[in-house]
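Please open the model in your viewer and keep the sequence panel beside it, since this tour moves from one selection to the next.

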There are 4 protein chains.
Amino acid sequence: MRKVSVNPDIVSRQEMEVRWGDCDAAGIVYYAKFFDWFSDGRVGLLKQVGLPYHANFHEQGIVMVAIEAHCRYRKSMRPEERFVLETRLAELSRSRMTFTYVITRQGDGAVVAEGKTAHAYVDSAGKPFDCQKRYPALWDRLCEIFAAGN
Amino acid sequence: MRKVSVNPDIVSRQEMEVRWGDCDAAGIVYYAKFFDWFSDGRVGLLKQVGLPYHANFHEQGIVMVAIEAHCRYRKSMRPEERFVLETRLAELSRSRMTFTYVITRQGDGAVVAEGKTAHAYVDSAGKPFDCQKRYPALWDRLCEIFAAGN
Amino acid sequence: MRKVSVNPDIVSRQEMEVRWGDCDAAGIVYYAKFFDWFSDGRVGLLKQVGLPYHANFHEQGIVMVAIEAHCRYRKSMRPEERFVLETRLAELSRSRMTFTYVITRQGDGAVVAEGKTAHAYVDSAGKPFDCQKRYPALWDRLCEIFAAGN
Amino acid sequence: MRKVSVNPDIVSRQEMEVRWGDCDAAGIVYYAKFFDWFSDGRVGLLKQVGLPYHANFHEQGIVMVAIEAHCRYRKSMRPEERFVLETRLAELSRSRMTFTYVITRQGDGAVVAEGKTAHAYVDSAGKPFDCQKRYPALWDRLCEIFAAGN
């Protein structure tokens, strides 16, 4: 499947704060929570470029189903600590999108975590599809927005 | 850091069911939820071998902090589907433990997801430590239980 | 709206265990988590009486949307503690169902929490409807199962 | 237990957005999630008045354990909808605090939900205590900040 060469300069930066419910019994952010934040990153990036996920994907019958998720944790965080979540599209193809994430603590600027998630386009019956064929207008918009050189 | 060669036959098998709150707006299990299940797998494995996490780690001041987490998703699941979570210890060293997970759907036996998480031992101040030096009795028990050949 | 007099002897009893991810930074079960357990109770009760929620409600286009939720907390619980969740249908009418919940700790039998949730039937557009009119077969089954004297 | 008469004009207003992970398989915000937002409201209110929860309560060994929680739901919300969470302290006594919450949708200004949570002060062993006796400086600050007429 042909991959689009993606512009690495398009990034969503979200300032966030560790919430009480994000932490586990060890008093630090629960490791699964980072993947929830990565969802916020994807949604934020798509909104920033003018393609809000709910309206342009979910309501059109497109599910961007996770096929892989990875996180490397470098620091722990506690409630009320503030951080920045940076999200980038790393790969775009007619069958999938891959996003990368960097979480940086405010104050000392330490990298707290780095992540990557890959998502396939599937329809509401769970069948994968070719985005360019099934949703050509959306595909063109994605290329316009994210392709390097644009 | 010397690694202990781990017995691959020690496995925890937990029968579980997709709960309503596990699913997202796409009607399928939310991708972050799998990491929550992996926690259940670790806790279940440690309990099965006679080292319940809460009593033997948490209450002793040991945090098994996540340093890496990975999941590959192969199938989607919906509420009330039943599955089996298999958890194994893959690596044991004086600084960390790595676990692997396989989730298999009941009925068709399809592999739904495969995961891996790595955890370092840190104290309540967040400092990593050598388990053999700081908690020799626990370390001996871990080796006794998990070392290949035992 | 006429209420059906409900048989108080129909109860679902689920044995459960506090999971690591259920707890907050205070080391005890997070208060919002109880409402998640209550969902497990409703789903378990409906399954026990032969009306699994996913197949009989969700897939038929019925959303049982929460209109009220209440919990009174009497004890705290920590990871790996075991408890029993009892769920009963308290009220059944053509527009709503109300459930009650009691959580009892195993070991000392202490009541940990008591809850109540009320749910209206709405369609996928979010419109409330009369269950007897719109889904007469389901309504008859509900009455058959839950009405006092049956 | 003497109650302090609370100034009803002290309110925290937080602008928030429904996140993907907040929604359940019905595509609307999961009912348990509101209680998680209420935690954000409490934390936000305490921070706004200069008493951040983590530093002034959690790290001092004070747990504000929930003893009661209630929510009345009036509207459903979907991913990416924006809303305002208003939080007020409703009752302050030497043994407990009660907070009230109103969630209003942006756009139409509709009230989405109203909630109330009550919390007792307990120590790390789970024992309730009299805040004025055990933490007189904190108690004076709370009265100074929240008492009506101040």
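**From a strand pair to the chain contact**

Begin by selecting A:His70, whose bridge partner in β6(A) is A:Lys116; bear in mind throughout that this is a predicted model. Widen the selection to the two strands around this pair, and you will have β3 (residues 63-73) and β6 (residues 111-122) of chain A, which run antiparallel and are joined by 10 bridges.

Next, keep β3(A) selected and add β3 of chain B, residues 63-73, which is joined to β3(A) by 5 bridges, again in an antiparallel arrangement. Two places to look at here are A:Ala69, which stands opposite B:Cys71, and A:Glu68, whose bridge partner in β3(B) is B:Arg72.

Now select the whole contact between the chains, to which chain A brings 19 residues and chain B brings 19 residues. On the side of chain A that touches chain B, the elements giving two or more residues are α1 (33-48) and β3, and β3(A) gives the most, with 10 residues. Coloured by class, this side of chain A shows 12 nonpolar, 4 polar and 3 charged residues.

Finally, move to B:Met64, which lies in strand β3 of chain B. Is B:Met64 buried or exposed? B:Met64 counts as buried because 20 other C-beta atoms lie within 10 Å, and 20 or more is the cut-off for that label. Setting aside neighbours within four places in sequence, show B:Phe57, B:Met97, B:His119 and B:Tyr121, with which B:Met64 is in contact. For a sense of distance, add B:Tyr101, which is 37 residues from B:Met64 in sequence and 17 Å from it in space, C-alpha to C-alpha.

Conventions: Residues are numbered from 1 along each chain as its sequence is written. Chains are lettered from A and ligands numbered from 1 in the order in which they are written. This is a predicted model: local features need pLDDT of at least 70, side-chain atom pairs count only at pLDDT 80 or more; totals for chains, interfaces and linings use all residues. Two strands pair if DSSP finds at least two bridges between them. Helices (H or I, at least four residues) and strands (E, at least two) are DSSP runs, numbered from the N terminus. A residue is buried if 20 or more other C-beta atoms lie within 10 Å of its own, exposed if 12 or fewer, and partly exposed in between; C-beta atoms are placed from the backbone. Two residues are in contact if their C-beta atoms, placed from the backbone, lie within 7 Å. Ala, Val, Leu, Ile, Met, Phe, Trp, Tyr, Cys and Pro count as nonpolar, Asp, Glu, Lys and Arg as charged, and the others, Gly among them, as polar.
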